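Me: I should like to study a protein model step by step. Please show me the sequence and the structure before we begin.

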Amino acid sequence: MTELLLPNHTNNLGRALGGAVLNWMDICGAIAAMRFSSRQCVTASMDHVDFISPIDIGEVVVVEAYVFNTGRTSLDVKVDVRAEDPTTGEERKTTTSFLTFVALDESGSPTTVPKVASPSDDEEHLREEAVEKRRSQSEAVAERFC
């Protein structure tokens, strides 16, 4: 998913509002979950988010998401955001988070989802990397609050 950062999504410094970025992450993650499950999906949770680099007005915001794990009715989605200068093509990572969605049936009740299959070594590596990163991020957040 791509967005052009325009004034209505910026703060008084000309940088992306965190809420706008979170909104785009939620939408992109939901699309990935819905495409994977062929069901309507709702957001159940968003993990810890750190904004590691600002996005300046006029930059292109690139949001990418993929399902890396599933439960019985839930889908875990990794969402990465990066900023791109449209004139030079220079890119930088701005944030990453993990979101969990729940698939719904026609009556709005949670329904089963397919298991994640990684047909290629590259896909399996991406999945394993996301599982490990989420695990280590969760442990780090837990340590901060204990």
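The questions and answers below concern the sheet, the helices, the salt bridges and the largest pocket of this predicted model.

Me: In which order do the 5 strands of the open sheet stand?

Reply: Strands of a sheet pair through backbone hydrogen bonds, either parallel or antiparallel. In this model the pairing is antiparallel, and the twist averages 30 degrees from one strand to the next. The 5 strands of the open sheet stand in the order β1-β3-β4-β5-β2.

Me: Which strands stand at the edges of the sheet?

Reply: A strand at an edge of this sheet has a single partner strand, so one side of it is left without a neighbour in the sheet. The strands in this position are β1 and β2.

Me: How many bridges join β4 to β5?

Reply: β4 and β5 form a hairpin with 6 residues between them. In its turn, Gly89 has a positive phi of about 80 degrees. The two strands run antiparallel, and Arg82 stands opposite Lys93 in β5. The number of bridges that join β4 to β5 is 11.

Me: Which residue of β4 stands opposite Tyr66?

Reply: Strands β3 and β4 run antiparallel and are joined by 10 bridges. Opposite Tyr66, the residue in β4 is Lys78.

Me: Which residue of β5 stands opposite Thr43?

Reply: β2 and β5 run antiparallel, and 6 bridges join them. The residue of β5 that stands opposite Thr43 is Phe101.

Me: How many of the 14 residues of β5 are buried?

Reply: A residue counts as buried when its relative accessible area is under 20%. β5 is largely enclosed by the rest of the structure, because most of its 14 residues are buried. The number of buried residues in β5 is 11.

Me: What angle does the direction of each packed helix make with that of β3?

Reply: Helix α1 packs on the sheet and touches β1, β2, β3, β4 and β5. Helix α2, residues 121–145, also packs on the sheet, touching β2, β3, β4 and β5. With the direction of β3, that of α1 makes about 45 degrees, and that of α2 makes about 95 degrees.

Me: How many residues apart in sequence are the parts that Arg15 and Asp56 tie together?

Reply: Side chains of opposite charge can pair when their charged atoms come close. Arg15 forms a salt bridge with Asp56, and their closest N and O atoms are 3.1 Å apart. Arg15 lies in the loop between β1 and α1, while Asp56 lies in the loop between β2 and β3, so the pair ties together parts whose separation in sequence is 41 residues.

Me: Are Arg15 and Asp56 buried, partly exposed or exposed?

Reply: Partly exposed residues fall between the buried limit of 20% and the exposed limit of 50%. Arg15 has a relative accessibility of 36%, and Asp56 has a relative accessible area of 28%. Each value lies in that range, so Arg15 and Asp56 count as partly exposed.

Me: Which residues meet Arg82 in a salt bridge?

Reply: Arg82 lies in strand β4 and is linked to a residue of strand β3, 18 residues apart; the N to O distance of this salt bridge is 3.2 Å. Arg82 also takes part in a salt bridge with an N to O distance of 2.9 Å. Arg82 is partly exposed at 22%. The partner in β3 is Glu64, and the partner at 2.9 Å is Glu91.

Me: How many salt bridges does the structure hold?

Reply: Some of the charged residues form a network of salt bridges, namely Asp47, Asp76 and Arg134. For the structure, the number of salt bridges is 10.

Me: Is Lys115 buried or exposed?

Reply: Lys115 lies in the loop between β5 and α2. Among residues more than four places away in sequence, Lys115 touches Phe36, Thr70 and Gly71. Its relative accessible area is 62%, and the exposed class begins over 50%, so Lys115 is exposed.

Me: Which element gives the most residues to the lining of the largest pocket?

Reply: The largest pocket has a volume of about 230 Å³. Of its 13 lining residues, the closest to the centre are Tyr66, Val67, Val116, Ala117 and Glu123. The elements that give two or more residues to the lining are α1, β3 and α2. The element that gives the most, with 4 residues, is β3.

Note on methods. Residues are numbered from 1 along each chain as its sequence is written. This is a predicted model: local features need pLDDT of at least 70, side-chain atom pairs count only at pLDDT 80 or more; totals for chains, interfaces and linings use all residues. Side-chain values use heavy atoms; hydrogens and water are left out. A salt bridge is a side-chain nitrogen of Lys or Arg within 4 Å of a carboxyl oxygen of Asp or Glu. Buried means under 20% relative accessible area, exposed over 50%, partly exposed in between (1.4 Å probe, protein chains only). Two strands pair if DSSP finds at least two bridges between them. Axes are lines fitted to C-alpha atoms, for helices over the stretch in contact, and angles run from 0 to 180 degrees between N-to-C directions. Contact means heavy atoms within 4.5 Å. On a 1 Å grid over the protein atoms alone, a cavity is a set of points where a 1.4 Å probe fits but cannot get out, and a pocket is an open set with protein on both sides within 12 Å along at least five of seven lines; lining residues have an atom within 4 Å of a point. Grid points are joined across faces, edges and corners, and a volume is the space filled by probe spheres set on the points.
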